[in-house]
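User: I've got a model open and would like to talk through a few of its residues. Can you take a look with me?

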Amino acid sequence: MTRKSIVCSFLLGVSCFIVIGVYGENMLSRTISKGNYHDAIRGLHSFKTSLTRHDSIASTTSSSFSPSPSSQPTEGMNNPKEYHVTSYGADPTGTSDSTDAILAAIADAANGLSEEHLMEGIRNLGGAQINLEGGNYLISRSIKLPEAGVGNLMIHGGTIKASDNFPEEGYIIDLSPSSNSSSSSYNFEYITLKDLLLDSKYRGGGISVINSVRTNIENCYITHFTTNGILVKSGHETYIRNSFIGQHITAGGDQQERNFTGIGINLQGNDNAVTDVVIFSADIGILVTGQANTFSGIHCYNKATGFGGTGIYLQLPGLTQTRIVNSYMDYTSIVAEDPVQLHISSTFFLGDANIVFKSIHGVVNGVTIVDNMFSGSNQGVEIVHLDESNNSNFHEIDQVVVDRNIVRGMKLKATVAKMSMEGNGSLWNVDFNNILIFPNLIKNVQYSLSSVGTTFPNHALRNVSDNKVVIQTNEAVVANVFVTVDQSGVS
């Protein structure tokens, strides 16, 4: 009896194996020919799994099998799709123009069935992907989505370069609406541009993101632009990360550095973030004219400030609301016009790179510059410099803290200073002009007087003006005076 059971089990196993092989071959040949490879694999996997259950073995015969219901695509379901541009005729060698082929692939993705929406008026394309397959593609006009009002789309995995007749003011990838499109208050949402090398061939810019929301630009290399490497205008929440941006391909010390032009990243919108990005050549590394942006892990070694360049330029006087942390300003300075609510910390400034407050209307309010490192060439460059060349001195100054910075080879400037003075007399005049940033501005003074000998003199703070503190005793004594002053106005 036992031997018969073993033989039956063996024969049943062999028959199931044969059926699986036959059904799998038939299923794959049928479904792959229709271009639905992934559905076929999922169906085959579900079917094989069902055969391992005792109830399936008991109820299934070798002459009739069908996939379990769970393996069948749900009717109306929006499955993510991948569109390979070479299937549309794109040339991965970069010899012939691939503009129409890439746009055709994007058009098919954008026209995919979708019953779901993201923001109002923006269709969810379900994670559709435009796969460049590691090719090198030549284009003669911008790669644009065919209409506004779509989202959840990725373009990734290849090189796109401009042709010699590419429009000089165009962008390789342009996320702006077409002239005849109508959509919600935002053009696009959740568009991802990833693993791309974009070469503008000195004809225009790299990426333009206009009035869109939640755009991801990740692991991109953008070069040879004349306008902007990346332009962000209106909209909000564009995240730029892990990318390399430079007008000229160089690793520093370029003989043509004085001639660098263009802007690496031009942020004309709010609530964006730039993290772990290198800007290795441009006139301005990052130009900011929108509020509430944050920068972290930025390495700017574009045109040196000594040649007229700027690392990060905050051109929004009166309401900056910018945070710059854990970055590296490599011979390039940070310039802020009338900064209000600006935070800079844990950043390294090399080669006399510094921070410049540029007066437009004489306002600086709510600024913290703390815990940074400065390294210079002993030329007397101030770590924080006031630019009042616009014939407007800073006069509205409040809540400004510049403190705890480490300085080597540059001139330390701060809003908090401490000094001690030893002498024999009745008058101590302590001058803080060499270290305090703002002239004739001391909002708080603390001092102590330690006399030598047996006398106990009376003493008082007699005067605070021109960044000088005067302390007087009622008689001549040998004493040490310790004074702390603060320009910040922060209690």
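User: Is Leu-197 buried, exposed or partly exposed?
Analyst: Keep in mind that this is a predicted model. Leu-197 sits in strand β7, residues 188–199. Its relative accessible area is 29%. Buried needs under 20% and exposed needs over 50%, so Leu-197 comes out as partly exposed.

User: Which residues does Leu-197 touch, leaving out those up to four places away in sequence?
Analyst: One hint comes from the backbone: the C-alpha atoms of Leu-197 and Ile-160 are 6.3 Å apart, although 37 residues separate them along the chain. Ile-160 is indeed one of the contacts. The full list is Gly-158, Thr-159, Ile-160 and Tyr-221.

User: How is the aromatic pair of Tyr-221 and Phe-244 arranged?
Analyst: The structure has four aromatic pairs. For Tyr-221 and Phe-244, the ring centres are 6.4 Å apart and the planes make an angle of 40°. Stacked needs under 30 degrees and edge-to-face over 60, so this pair is tilted.

User: Which strands does that pair tie together?
Analyst: The two residues are 23 apart in sequence, so the pair ties together separate parts. Tyr-221 lies in residues 213–223 and Phe-244 in residues 228–246. Those are strands β9 and β10.

User: What about Phe-349 and Phe-374: are they buried or exposed?
Analyst: These two form a stacked pair, 4.5 Å centre to centre with 10° between the planes. The pair links strand β21 to strand β24, with the residues 25 apart. Both Phe-349 and Phe-374 are buried.

Notes. Residues are numbered from 1 along each chain as its sequence is written. This is a predicted model: local features need pLDDT of at least 70, side-chain atom pairs count only at pLDDT 80 or more; totals for chains, interfaces and linings use all residues. Side-chain values use heavy atoms; hydrogens and water are left out. Helices (H or I, at least four residues) and strands (E, at least two) are DSSP runs, numbered from the N terminus. Buried means under 20% relative accessible area, exposed over 50%, partly exposed in between (1.4 Å probe, protein chains only). Contact means heavy atoms within 4.5 Å. Rings of Phe, Tyr and Trp (its six-membered ring) pair if their centres lie within 6.5 Å; planes under 30 degrees apart count as stacked, over 60 as edge-to-face and the rest as tilted.
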